[in-house]
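Trainee: I have a structure open and I'd like to talk it through with you. Could we go feature by feature?
Mentor: Gladly, put it up and ask whatever comes to mind.

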Amino acid sequence: MLRGAYVEDKVTGLGAAVLMVAGGVGSYHTGVMSAAAKEWCDRHGLDGEADMIVPYIINRAGTGQCPLEERLSKTDERSYLDEIEAFAKAMFNS
């Protein structure tokens with residue numbers, strides 16, 4: 001569904017980057033992007049532009065790292081999609 005799409009976002013963390021690559025997005029623009037997300041996109045050949053690269057995405061409360069990005073930082077890359085799915089299920093089932 002995303003194959004070749006252009007994605008515009010305000011904030012892009014590693015979870016979104018993984019989904020963009022997996023979905024076949026063609027290019028992106030974002031206001032703020034985590035360093036891990038930028039590295040993931042670059043490594044997988046996804047062209048795009050970020051206005052600002054930050055060490056990590058801050059959670060909504062402003063008290064620490066985005067919970068999904070933190071979860072992925074502790075996960076093997078081969079499990080990223082499974083972790084994103086589990087995270088989404090937990091968010092919608094609570």
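Trainee: Is Asp42 buried, partly exposed or exposed?
Mentor: This is a predicted model, and in it Asp42 has a relative accessible area of 45%, so Asp42 is partly exposed.

Trainee: Which side chain does Asp42 meet in a salt bridge?
Mentor: The partner is Lys38, and the N to O distance between the two side chains is 3.0 Å. Both residues belong to helix 2, which covers residues 35-43, and they are four residues apart, about one turn of the helix. Lys38 has a relative accessible area of 22%, so Lys38 is partly exposed.

Trainee: Why would two side chains like that pair up?
Mentor: In general, side chains that carry opposite charges can pair when their charged atoms come close.

Trainee: How many salt bridges are there in the whole structure?
Mentor: A search of the whole structure finds seven salt bridges. One of them joins the side chains of Arg43 and Glu77, with 2.8 Å from N to O. That pair links distant parts of the chain, since Arg43 sits in helix 2 while Glu77 sits in the loop between helix 3 (67-73) and helix 4 (80-92), 34 residues apart.

Trainee: And how exposed are Arg43 and Glu77?
Mentor: Arg43 is partly exposed, with a relative accessible area of 42%, and Glu77 is partly exposed as well, with a relative accessible area of 37%. The two residues also belong to a network of salt bridges that includes Glu39.

Trainee: What about Glu70, which residue does it form a salt bridge with?
Mentor: Glu70 forms a salt bridge with Lys74, and the closest N and O atoms of that pair are 3.5 Å apart. Glu70 counts as partly exposed at 32% relative accessibility, whereas Lys74 counts as exposed at 67% relative accessibility.

Trainee: Changing topic, how are the strands of the sheet ordered?
Mentor: Three strands make an open sheet in the order 1-2-3, and their pairing is parallel. Strand 1 and strand 3 (47-54) are the edge strands, each of them pairing on one side only. Direction ignored, neighbouring strands of this sheet are turned by 5° against each other on average.

Trainee: How many bridges join strand 1 to strand 2?
Mentor: There are six bridges between strand 1 and strand 2, which takes in residues 27-34, and the two strands run parallel. For a particular position to look at, find Glu8, which stands opposite His29 in strand 2.

Trainee: Which helices pack on that sheet?
Mentor: Helix 1 (residues 14-23) packs on the sheet and touches strand 1 and strand 2, its direction making about 170° with that of strand 1. Helix 2 packs on the sheet too, where it touches strand 1, strand 2 and strand 3, and its direction makes about 155° with that of strand 2.

Trainee: Back to His29 for a second, is it buried or exposed?
Mentor: His29 has 17% relative accessibility, and because buried means under 20%, His29 counts as buried. Leaving aside neighbours within four places in sequence, His29 is in contact with Tyr6, Val7, Glu8, Asp9, Glu49 and Asp51.

Trainee: And Thr12, where does that one lie?
Mentor: Thr12 lies in strand 1, which spans residues 6-12, and Thr12 is buried, with a relative accessible area of 2%. If residues up to four places away in sequence are not counted, Thr12 touches several others, among them Ala17, Met20, Val32 and Ile57.

Trainee: Last topic, how many aromatic pairs does the structure hold?
Mentor: The structure holds one aromatic pair. Its rings belong to Trp40 and Tyr80, with centres 5.2 Å apart and planes at 50°, so the pair is tilted. This pair links distant parts of the chain, because Trp40 is in helix 2 and Tyr80 in helix 4, 40 residues apart.

Trainee: Are those two residues buried or exposed?
Mentor: Trp40 counts as buried at 8% relative accessibility, and Tyr80 is buried with a relative accessible area of 8%.

Methods
Residues numbered from 1 in each chain as written. Predicted model: local features only at pLDDT ≥ 70, side-chain atom pairs only at ≥ 80, totals over all residues. Heavy atoms only, no water. Buried < 20%, exposed > 50% of the residue type's maximum accessible area, 1.4 Å probe, protein only. Contact = heavy atoms within 4.5 Å. Salt bridge = Lys/Arg side-chain N within 4 Å of Asp/Glu carboxyl O. Pairing = 2+ DSSP bridges. Axes fitted to C-alpha atoms, helices over the stretch in contact; angles between N-to-C directions. Phe/Tyr/Trp six-rings, centres within 6.5 Å; stacked < 30°, edge-to-face > 60°.
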